Amino acid sequence: MSKLKLFSAIILLMVLACGGCANQNRHYYMGEYSSTLYACRKNPTPEEQAKHVQELQNIIAKSEQRNLRVPPGIYAELGYIHLKAGEMAEARNYFEAENRLYPESKVFTTNLLAWAEDTLGKPKEKEAPAVKGVITPVDAIVENPGLRAGEGVVYE
C-alpha cells in the first residue's frame, strides 16, 4: 500500500469519525425547562408557576412536532401539578401518559395517586389544597418522606 493510499484511508476514517460525532441525534427537546424551573425555585409566585407549566406544555407540543419522545418526568410533573390543584382526572391522564412512555415510573405515579387519595380524598368531597411555590414530583418526595420514587426514575 502506498503512503498516499494509507494517508487517504486515515483521512477518510477521521472524517467518518468526526461526522459520526456531528450527527448525534438529540433524543429529547427540553426547551427552556431549566430556566423556568430555576425562576420558579428562586421566585415561587403563581406567575412563575404558570410560566413553568406553559413551558412543560410547550415541551410536549414541540416534542410531538419533532417526532421526539417527551422527556422523562414532564408528564409526571404536569400530573403532580394537577394533583396538587385537586384535579385528579387531569393528573391521572398525565400520569398514564408518563407510564406509557416510561413504565418504570408506574410505581412512583401509583404511589402519588394513592397518597393523593389518602390525603386529599375525593376531589368533589374536599376543597382542593392551595398551590404553594414550585410543585414538582421531587417536592412530593420532600414533603412526604414515606413516598418513594420509582426505581430508576429521574425527575430533575
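Ala97 has a relative accessibility of 9%, so this residue counts as buried, the cut-off being under 20%. Ala97 sits in helix 5, which covers residues 88–101. From Ala97 to Val70 the C-alpha distance is 9.7 Å, across 27 residues of sequence. The model is a predicted one.

**The loop at Val70**

Val70 belongs to the loop that links helix 3 and helix 4. Is Val70 buried or exposed? Its relative accessibility is 3%, so Val70 counts as buried. Beyond its sequence neighbours up to four places away, Val70 touches Tyr28, Ile60, Ser63, Tyr75, Leu101 and Tyr102. Met30 is 40 residues from Val70 along the chain, yet their C-alpha atoms are separated by 8.6 Å.

**Overall make-up**

The chain holds 7 helices and 0 strands. Read from the N terminus, the order of elements is α-α-α-α-α-α-α. The chain has 156 residues, and 36% of them are buried. Take the contacts between residues at least 6 apart in sequence: 65% of these join residues at least 24 apart. The exposed surface comes to about 10,000 Å², with 58% supplied by carbon and sulfur atoms.

**Two nonpolar cores**

In soluble globular proteins, nonpolar side chains tend to be buried together. The largest nonpolar core here has 13 residues. Which of its members touch the most others? They are Tyr33, Leu56, Ile60 and Ile74. Helix 2 (33–42), helix 3 (46–65) and helix 4 (74–84) each give two or more residues to this core. A second core is separate and has 12 residues, among them Ala76, Phe108, Leu113 and Ala116. Ile60, a member of the largest core, is also one of the residues that Val70 touches.

**Buried polar residues: His52, Thr36 and Glu77**

His52 is part of helix 3, Thr36 of helix 2, and Glu77 of helix 4. His52 has a relative accessibility of 1% and therefore counts as buried. For Glu77 the relative accessible area is 2%, which also means buried. Thr36, at 13% relative accessibility, counts as buried too.

Polar atoms link these residues to one another and to Tyr33. The table lists the pairs.

| Group 1 | Group 2 | Distance |
|---|---|---|
| Glu77 side chain | Tyr33 side chain | 2.7 Å |
| His52 side chain | Thr36 side chain | 2.8 Å |
| Thr36 side chain | Tyr33 backbone oxygen | 3.1 Å |
| His52 side chain | Leu37 backbone nitrogen | 3.5 Å |

Tyr33 appears with Glu77 through its side chain and with Thr36 through its backbone oxygen. Tyr33 is also named among the residues that touch the most other members of the largest nonpolar core.

The wider contacts follow. What does His52 meet outside its neighbours within four places in sequence? His52 is in contact with Tyr33, Thr36, Leu37, Cys40 and Glu77. Under a like exclusion, Thr36 touches Lys51, His52 and Glu55. Glu77 and Tyr94 are 17 residues apart along the chain, with C-alpha atoms separated by 8.4 Å.

**Helix 6 and its two sides**

Helix 6 runs over residues 106–120, a count of 15. How far apart should its ends be, at 1.5 Å a residue? The expected span is 21 Å, and the end C-alpha atoms are 20 Å apart, which agrees.

The buried residues of helix 6 are Phe108, Thr109, Leu112, Leu113, Trp115, Ala116 and Leu120. They cover an arc of only 160° around the axis, so they lie on the same side of helix 6. An α-helix has 3.6 residues a turn, so residues three or four places apart point the same way. Lys106 and Asp118 are exposed, on the other side of helix 6. From the buried side, Phe108, Leu113 and Ala116 are included in the second core.

Technical notes
Residues are numbered from 1 along each chain as its sequence is written. This is a predicted model: local features need pLDDT of at least 70, side-chain atom pairs count only at pLDDT 80 or more; totals for chains, interfaces and linings use all residues. Side-chain values use heavy atoms; hydrogens and water are left out. A nonpolar core is a set of buried Ala, Val, Leu, Ile, Met, Phe, Trp, Tyr and Cys residues joined through side-chain atoms within 4.5 Å. Buried means under 20% relative accessible area, exposed over 50%, partly exposed in between (1.4 Å probe, protein chains only). Helices (H or I, at least four residues) and strands (E, at least two) are DSSP runs, numbered from the N terminus. The expected span of a helix is 1.5 Å times one less than its number of residues. The arc is that of the directions from the helix axis to the C-beta atoms. A polar contact is a pair of N or O atoms within 3.5 Å; within protein, one must be able to donate a hydrogen and the other to accept it, and residues adjacent in sequence count only if both atoms are side-chain atoms. Contact means heavy atoms within 4.5 Å. Accessible areas come from the Shrake-Rupley method with a 1.4 Å probe; for residues, only the protein chains shown count as cover.
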